[in-house]
Amino acid sequence: MSDQPLPEESPVYAPFFGVMGAASAIIFSALGAAYGTAKSGTGIAAMSVMRPELIMKSIIPVVMAGIIAIYGLVVAVLIAGGLYPPAQYSLYKGFVHLGAGLAVGFSGLAAGFAIGIVGDAGVRGTAQQPRLFVGMILILIFAEVLGLYGLIVAIYLYTK
């Protein structure tokens with residue numbers, strides 16, 4: 001063994017992984033939120049032709065889809081705030097930030113898809129049978145929680 005210190009784990013490309021984590025967090029969660037908004041919005045538009053008084057009540061899936069994007073925004077801002085110059089940013093930190101961004105991004109994408117599909121079918125069904133509204137809200141909550149799980153994992157990873 002030599003008396004020389006171990007090489008530093010801060011290669012010049014380490015911040016790339018952190019930046020990709022921040023980008024993944026906002027890109028994928030915003031894609032999920034956009035899909036959920038668009039899919040639910042088409043259901044609202046179709047339903048409002050026959051029952052225009054239910055428009056405001058049917059906005060709930062759109063609001064829940066928008067919250068998914070906020071999860072990704074929070075993690076992206078956290079990661080971006082934790083980026084340092086390459087000499088101070090370890091490869092380990094870059095991989096952890098990438099994992100955090102992918103966790104919230106992909107779970108937000110999945111949650112947005114679920115909210116969009118349930119929101120579309122739910123608002124159309126509620127127009128025909130108002131008692132379906134409570135069931136739709138419960139299913140939307142379960143879909144939203146999928147994104148929240150990704151946020152929790154991402155914050156936990158970020159603190160490592």
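# Helices, salt bridges and a nonpolar core

User: Which residues does the UniProt annotation "transmembrane region" cover?

Analyst: According to the unreviewed UniProt entry, the annotation "transmembrane region" covers residues 12–38, 59–83, 95–120 and 132–158. Please keep in mind that the structure shown is a predicted model.

User: What does the chain look like over residues 12–38?

Analyst: Residues 12–38 are 93% helix and 0% strand. The C-alpha atoms at the two ends of that span are 41 Å apart.

User: And how far apart are the ends of residues 95–120?

Analyst: Their end C-alpha atoms lie 37 Å apart, and the span is 100% helix and 0% strand.

User: Which residues does UniProt list for a domain?

Analyst: The unreviewed entry lists residues 20–79 and 98–157 under "domain: V-ATPase proteolipid subunit C-like". In the model, residues 20–79 are 85% helix and 0% strand, with end C-alpha atoms 10 Å apart. For residues 98–157 the figures are 95% helix and 0% strand, and the end C-alpha atoms are again 10 Å apart.

User: Changing topic: how many salt bridges are there?

Analyst: The count comes to three salt bridges. One of them joins Lys39 to Asp120, where the closest N and O atoms are 3.6 Å apart. This pair links distant parts of the chain, since Lys39 belongs to helix 1 (residues 14–50) and Asp120 to helix 3 (residues 91–128), 81 residues apart.

User: Are Lys39 and Asp120 buried or exposed?

Analyst: Lys39 counts as partly exposed, because its relative accessibility is 27%. Asp120 is buried, because its relative accessible area is 11%, which is under the 20% limit for a buried residue.

User: Which residue besides Lys39 is linked with Asp120 in the network?

Analyst: Arg124 is, as Lys39, Asp120 and Arg124 are linked in a network of salt bridges. The side chains of Arg124 and Asp120 meet at 2.7 Å, N to O. These two residues are four places apart in helix 3, so about one helical turn separates them. Arg124 itself is partly exposed, with a relative accessible area of 39%.

User: Where is Glu53 in all this? What does it pair with?

Analyst: Glu53 forms a salt bridge with Arg51, and the closest N and O atoms are 2.7 Å apart. Glu53 is exposed, with a relative accessible area of 54%, whereas Arg51 is partly exposed at 24% relative accessibility.

User: What about the largest nonpolar core? How many residues has it?

Analyst: The largest nonpolar core has 26 residues. Those with the most contacts inside it are Ile68, Val75, Val104, Ile115, Met136 and Leu140. The elements that give two or more residues to this core are helix 1, helix 2, helix 3 and helix 4 (132–158).

User: Which residues does Ile115 touch?

Analyst: Leaving aside residues up to four places away in sequence, Ile115 touches Ser40, Pro61, Met64, Ala65, Ile68, Leu140, Ala143 and Glu144. Ile68 and Leu140 also appear among the core residues with the most contacts.

User: And on the surface, which residues form a nonpolar patch?

Analyst: Val12, Tyr13, Phe16 and Met20 form such a patch, with about 430 Å² of accessible area together. Val12 is found in the segment before helix 1, and Tyr13 is located in that segment as well.

User: Why does Val12 count as exposed?

Analyst: Val12 is exposed because its relative accessible area is 66%, and the limit for an exposed residue is over 50%. Tyr13, at 47%, is partly exposed.

User: How far is Tyr13 from Gly108?

Analyst: Their C-alpha atoms are separated by 27 Å, and the two residues are 95 residues apart along the chain.

User: Where is Ile59?

Analyst: Ile59 has its place in the loop between helix 1 and helix 2 (60–81). Ile59 is partly exposed, with a relative accessible area of 28%. From Thr37, Ile59 is 22 residues away in sequence and 9.5 Å away in space, C-alpha to C-alpha.

User: Last one: which helix holds Ile139?

Analyst: Ile139 is found in helix 4. Ile139 is partly exposed, with a relative accessible area of 47%. Ile139 and Ala114 are 25 residues apart in sequence, and their C-alpha atoms are 9.1 Å apart in space.

Methods:
Residues numbered from 1 in each chain as written. Predicted model: local features only at pLDDT ≥ 70, side-chain atom pairs only at ≥ 80, totals over all residues. Heavy atoms only, no water. UniProt positions renumbered as here; feature names shortened; annotations may be inferred. Salt bridge = Lys/Arg side-chain N within 4 Å of Asp/Glu carboxyl O. Buried < 20%, exposed > 50% of the residue type's maximum accessible area, 1.4 Å probe, protein only. Patch = residues over 30% accessible without salt bridge, like charges linked within 9 Å, V, L, I, M, F, W, Y side chains within 5 Å. Areas by Shrake-Rupley, 256 points an atom, 1.4 Å probe, with all protein chains shown as cover. Core = buried A, V, L, I, M, F, W, Y, C linked by side-chain atoms within 4.5 Å. Contact = heavy atoms within 4.5 Å.
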